[in-house]
Amino acid sequence: MAKESNQSGRFQVKRIYERYDASDGTRILVDRLWPRGVSKAEAHIDRWMKEIAPSPELRQWFGHRRERFAEFARKYEWELAADETKRALVGELRSLSGTVTLLYAANDERHNHAVVLCEFLRRMGVERTNNEEGKR
């Protein structure tokens, strides 16, 4: 089951190695590489959005070093906003209804790109809601 601290609203993150649960809603794998030791049947994914993952250069620079996470998050958010393909995929994620679970394989549950992506999506939802209220 996804950790409570990673759940808030309709977007949540979960390690792909955790057991599938119907409450996951739409399950999207957001890693560029397929996770080791997981079959497609075991994964229970609805879609694999490998293009939304950080660029290979950014991923390699980060190297899952916690001391680089803040800078990694900033650079990844820039990629999400600047890259045309990533922007389109963010739009697709935002258009999904119900709970959306972003799946990742990293060992660190707090310092990974899925957490950054989830927070990015949540902020966009808040900004959209605020903008809609301002137009009324």
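What follows is a conversation between two colleagues about a predicted model and the reasons behind the terms used for it.

Colleague: Happy to look at this one with you! What does the secondary structure of the protein come to?

Modeller: Glad to have you. The protein has five helices and five strands, and from the N terminus on the order is β-β-β-α-β-α-α-α-β-α. Of its 136 residues, 40% are buried.

Colleague: Let's take one residue, then. Why is Ile28 called buried?

Modeller: Buried means under 20% relative accessible area, and Ile28 has 2% relative accessibility, so Ile28 counts as buried. Ile28 belongs to strand β3, residues 26-29. In space, its C-alpha is 5.0 Å from that of Arg47, a residue 19 positions away in sequence.

Colleague: Good. Now the charged pairs: what makes Arg27 and Asp24 a salt bridge?

Modeller: The cut-off is a side-chain nitrogen of Lys or Arg within 4 Å of a carboxyl oxygen of Asp or Glu. The closest N and O atoms of Arg27 and Asp24 are 2.5 Å apart, so the pair qualifies. Both residues are buried. A search of the whole structure gives eight salt bridges.

Colleague: And Arg66 with Asp108: which parts of the chain does that pair link?

Modeller: Those side chains meet in a salt bridge at 2.8 Å, N to O. The pair links distant parts of the chain, 42 residues apart: Arg66 is in the loop between α2 and α3, and Asp108 is in the loop between β5 and α5.

Colleague: How do you know whether Arg66 is buried or exposed, and what about Asp108?

Modeller: Exposed requires over 50%; Arg66 has 55% relative accessibility, so Arg66 counts as exposed. Asp108 has a relative accessible area of 17%, under the 20% limit, and is therefore buried.

Colleague: Where do Arg74 and Glu71 lie, and why is Glu71 called partly exposed?

Modeller: Both lie in helix α3, three residues apart, about one turn of the helix. Their salt bridge has its closest N and O atoms 2.5 Å apart. Partly exposed is the class between buried and exposed, and Glu71 falls there because its relative accessibility is 31%. Arg74, with a relative accessible area of 52%, is exposed. Elsewhere, salt bridges that share partners join Lys14, Asp24 and Arg27 into one network.

Colleague: Then there is Lys86, which is buried. Why does Lys86 have no salt bridge?

Modeller: The nearest side chain of opposite charge, Glu79, is 4.2 Å away, and a salt bridge needs a distance within 4 Å, so the pair does not count. Lys86, in helix α4, does have other partners: its side chain reaches the backbone oxygen of Glu51 at 3.2 Å and that of Ala53 at 3.1 Å.

Colleague: What about Arg15, also buried yet with no salt bridge?

Modeller: For Arg15, in strand β2, the nearest side chain of opposite charge is Glu109, 5.3 Å away. That is outside the 4 Å limit, so no salt bridge is assigned. The side chain of Arg15 makes a polar contact with the side chain of Asn107 at 3.2 Å, and this qualifies because the cut-off for such a contact is within 3.5 Å.

Colleague: To finish, which residues lie nearest the centre of the largest pocket?

Modeller: Asp31, Arg59, His64, Ala105 and Ala106, among 22 lining residues. The lining divides into 11 nonpolar, five polar and six charged residues, and the pocket volume is about 590 Å³.

Technical notes:
Residues numbered from 1 in each chain as written. Predicted model: local features only at pLDDT ≥ 70, side-chain atom pairs only at ≥ 80, totals over all residues. Heavy atoms only, no water. 1 Å grid on protein atoms, 1.4 Å probe; cavity = no way out; pocket = protein on both sides within 12 Å on 5 of 7 lines; lining within 4 Å. Points joined across faces, edges and corners; volume = space filled by probe spheres on them. Nonpolar A, V, L, I, M, F, W, Y, C, P; charged D, E, K, R; others polar. Helix = DSSP H or I, 4+ residues; strand = E, 2+ residues; numbered from the N terminus. Buried < 20%, exposed > 50% of the residue type's maximum accessible area, 1.4 Å probe, protein only. Lys, Arg positive; Asp, Glu negative; His and termini not counted. Polar contact = N/O pair within 3.5 Å; in protein donor to acceptor, adjacent residues only side chain to side chain.
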